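User: I'm new to this one, so could you walk me through it?
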Amino acid sequence: MLKDLVAEDVAELAKQLNFAQKVKRSLELIEQAYVEYGDGLVVANSLGKDSSAVWHLAKRVSPKIRGFIITTRFKPPETKQVMAEEVSRYPELRVFRNDEEIPDKLYATDPDRCCEILKVKPIRQAIKEMEVSCWVTGLRCTEGRTRTDFKEIEERDIGLIKLNPILIWYEREVWQYLALNRVHVNPLYGKGYRSLGCWPCTKIAQGADERAGRWIGTSKCGGECGIHTKPLLDYQI
Ligand code: SF4
């Protein structure tokens with residue numbers, strides 16, 4: 001059973017396991033979830049380094065595993081380019097975006113609403129249209145102040161499992177995996193970014209918190225867009 005693999009203390013596990021053991025554990029988590037959920041298992045690919053690692057791991061489990069990308073009108077050109085390349089390489093990767101009109105500079109006046117419209121709404125659509133029963137993310141518990149409470153397997157929405165197979169990986173181990181497997185990454189990392197998002201809300205930042213460059217100058221600084229914290233199934237909205 002997938003749930004038998006859950007670790008109670010992920011922070012402790014992150015310290016105890018070495019890189020190879022973590023890779024093995026992540027593959028096992030995806031494999032078992034794929035056995036349990038089949039085609040209902042879908043990877044959320046944000047085109048950042050963590051998603052690139054998870055997408056690569058999932059493809060090792062089965063080339064048939066599907067994915068979705070949530071994009072917005074505010075993604076940087078580099079991310080749009082990576083998206084075009086990935087979609088042409090993997091036809092099983094679908095793109096969702098919401099083009100509805102929003103007030104000018106909503107990202108500055110009300111970033112929560114902006115994220116709700118441009119990110120949370122399309123992910124709800126993706127989950128519904130792709131009939132997702134288990135979505136797979138690149139969340140890591142050492143990424144920032146808002147990410148310490150997650151578990152490897154969660155059920156925040158009843159009937160929708162969220163699998164975080166690299167939850168216990170450190171930033172360095174993600175880069176180790178990508179380098180060892182020669183995975184192409186978003187060129188924005190070469191410019192100094194450590195966490196990628198929409199251009200108005202993402203800056204280059206230093207320090208321990210990888211997500212410190214997100215939503216600088218707003219109440220959301222270093223925070224979350226909502227896809228990991230809000231209900232994603234229609235009936236719960
Ligand atoms: S990250 Fe910024 S621009 Fe992108 S949806 Fe959220 S608030 Fe809007």
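User: At what angle do helix 2 and helix 3 pack?

Analyst: Quick background: this is a predicted model, where local features need pLDDT of at least 70, side-chain atom pairs count only at pLDDT 80 or more, and totals for chains, interfaces and linings use all residues. Residues are numbered from 1 along each chain as its sequence is written, and side-chain values use heavy atoms, leaving out hydrogens and water. Helices are DSSP runs (H or I, at least four residues) numbered from the N terminus, and axes are lines fitted to C-alpha atoms over the stretch in contact, with angles from 0 to 180 degrees between N-to-C directions. The axes of helix 2 (residues 19-37) and helix 3 lie 9 Å apart, and the packing angle is about 60 degrees.

User: Which word describes how helix 2 lies relative to helix 3?

Analyst: Under 35 degrees counts as roughly parallel, over 145 as roughly antiparallel, 65 to 115 as roughly perpendicular, and the rest as oblique. Helix 2 and helix 3 pack at about 60 degrees, so helix 2 is, relative to helix 3, oblique.

User: At what angle do helix 3 and helix 7 cross?

Analyst: Here we have helix 3 (residues 49-61) and helix 7 (residues 171-180). Their axes come within 10 Å, and the crossing angle is roughly 50 degrees.

User: Which helix gives the largest share of the shell around the ligand?

Analyst: The ligand has 10 residues around it (a heavy atom within 4 Å). Of that shell, 5 residues come from one helix, residues 111-129, and that is helix 6.

Notes: Helix = DSSP H or I, 4+ residues; strand = E, 2+ residues; numbered from the N terminus.
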